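User: Please explain the terms applied to this structure, setting each value against its definition.

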Amino acid sequence: MKILILGGTSEARRLAAALVGDARYDATISLAGRTREPAAQLLPTRVGGFGGVDGLIAYLRAEKIEALIDATHPFAARMSANSRAAVAITGTRLLALRRPPWTERPGDRWTHVPDMNAAVAALGTVPQAVFVTIGRQDVAPLQAAPWHRYVLRSVEPPDPGDLPPDVEIVTARGPFERDDELRLMRNSGIETLVTKNAGGEATAAKLDAARELGIAVVMIARPAEPDSPPIGVETALSWLHAATERGA
Ligand code: NAP
């Protein structure tokens, strides 16, 4: 079965690890190309946008893709919407992985905001030390609050033109451990954490560390998506196996 996995996440890598070497599947991973040095992929990989819905339709048809797995990040809403629109035309099977969002636990001090501009507003006017873990592409709004001291963590450094004046860049790729998060937040005197509600295990340790240290969290809500129960890698594999048996 010819499969296209829309990737850029740990789930896509885990799915690839499960499919590699399985003769029933001929799978390709698709990356947007945002990261200059992406993590090594186990499956053949194509890089770059398709050119909107029409481009994706053309790709699915040209490559005779039989199953499309949307394993993109919960904040990659456009790609997910494009995949739904494309399969509505081509009839390709589609399964979208869904991580449950993170939810507050006792001891958490979260402020919920709808987007990055609201997150910056929520930081207020009193200067403080802020740990920002939202990816390098969305940091420009921080320039609206230049009085804070920022520690900004991303896989690759952001564009210098997007940065606020008082910023330390930490480049690192998850998963992250609780003890390392505790150390980073303590050593930098962090008072507030700004994060997207990505969900998942790989980057959840910062929330445990924030709770333990009494650090406030500004939690950016996910873009709206169609309602769907959580769907993980194991479910995706069962779905593929069932589809292969039906096809055979
Ligand atoms: P997005 O806003 O949903 O997508 C913007 C455009 O980028 C899409 O219309 C598509 O271009 C292209 N694109 C996105 N994902 C692609 C993929 N897997 N393969 C090929 N083209 C893709 O996406 P985004 O938020 O910029 O995220 C880009 C990638 O980074 C995704 O693969 C996502 O899984 C990963 N990622 C995102 C975040 C985040 O916070 N947003 C965090 C971690 C990882 P065309 O319309 O030209 O096809």
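The exchange below concerns a predicted model and takes up helix packing, sheets and a salt bridge.

User: Why is α2 called oblique to α3?

Analyst: The axes of α2 (residues 52–62) and α3 (residues 77–90) cross at roughly 55°. Angles under 35 degrees count as roughly parallel and 65 to 115 as roughly perpendicular, with over 145 reserved for roughly antiparallel. The angle of roughly 55° falls in none of these ranges, so α2 is oblique to α3. The axes come within 9 Å, and the crossing is right-handed.

User: What makes up the contact of α2 with α3?

Analyst: Contact requires heavy atoms within 4.5 Å. On the α2 side the residues are G52, V53, L56, I57, L60 and R61; among their partners in α3 are M79, N82, A86 and I89. The residues of this contact comprise 9 nonpolar, 4 polar and 1 charged.

User: How do you know that β6 is paired with β11?

Analyst: Pairing requires at least two bridges. Strand β6 is joined to β11 (residues 216–220) by 4 bridges, so the two are paired, and they run parallel. Within this pair, H112 stands opposite M219 in β11.

User: What makes β6 and β9 edge strands?

Analyst: The open sheet of 6 strands has the order β6-β11-β10-β7-β8-β9, with parallel pairing. Strands β6 (110–113) and β9 (167–171) each pair on one side only, as edge strands do. From one strand to the next, the twist averages 20°.

User: How is helix α6 directed relative to β10?

Analyst: Helix α6 (residues 205–213) packs on this sheet, and its direction makes about 155° with that of β10. Angles over 145 count as roughly antiparallel, so α6 is roughly antiparallel to β10.

User: How do you know that β1 and β2 are paired?

Analyst: The requirement is again at least two bridges. Strands β1 and β2 (residues 26–31) share 5 bridges in the parallel sense, so they are paired. L6 stands opposite S30 in β2. Both strands belong to an open sheet of 5 strands in the order β3-β2-β1-β4-β5.

User: Why is the K2 and E63 pair called a salt bridge?

Analyst: The rule asks for a side-chain nitrogen of Lys or Arg within 4 Å of a carboxyl oxygen of Asp or Glu. For K2 and E63 the N to O distance is 3.6 Å, so the pair satisfies the rule. K2 lies in strand β1 (residues 2–6) and E63 in the loop between α2 and β4, 61 residues apart, so the pair links distant parts of the chain. The count by this rule comes to 13 salt bridges.

Technical notes. Residues numbered from 1 in each chain as written. Predicted model: local features only at pLDDT ≥ 70, side-chain atom pairs only at ≥ 80, totals over all residues. Heavy atoms only, no water. Axes fitted to C-alpha atoms, helices over the stretch in contact; angles between N-to-C directions. Left-handed = near helix turned anticlockwise from the far one by under 90°. Nonpolar A, V, L, I, M, F, W, Y, C, P; charged D, E, K, R; others polar.
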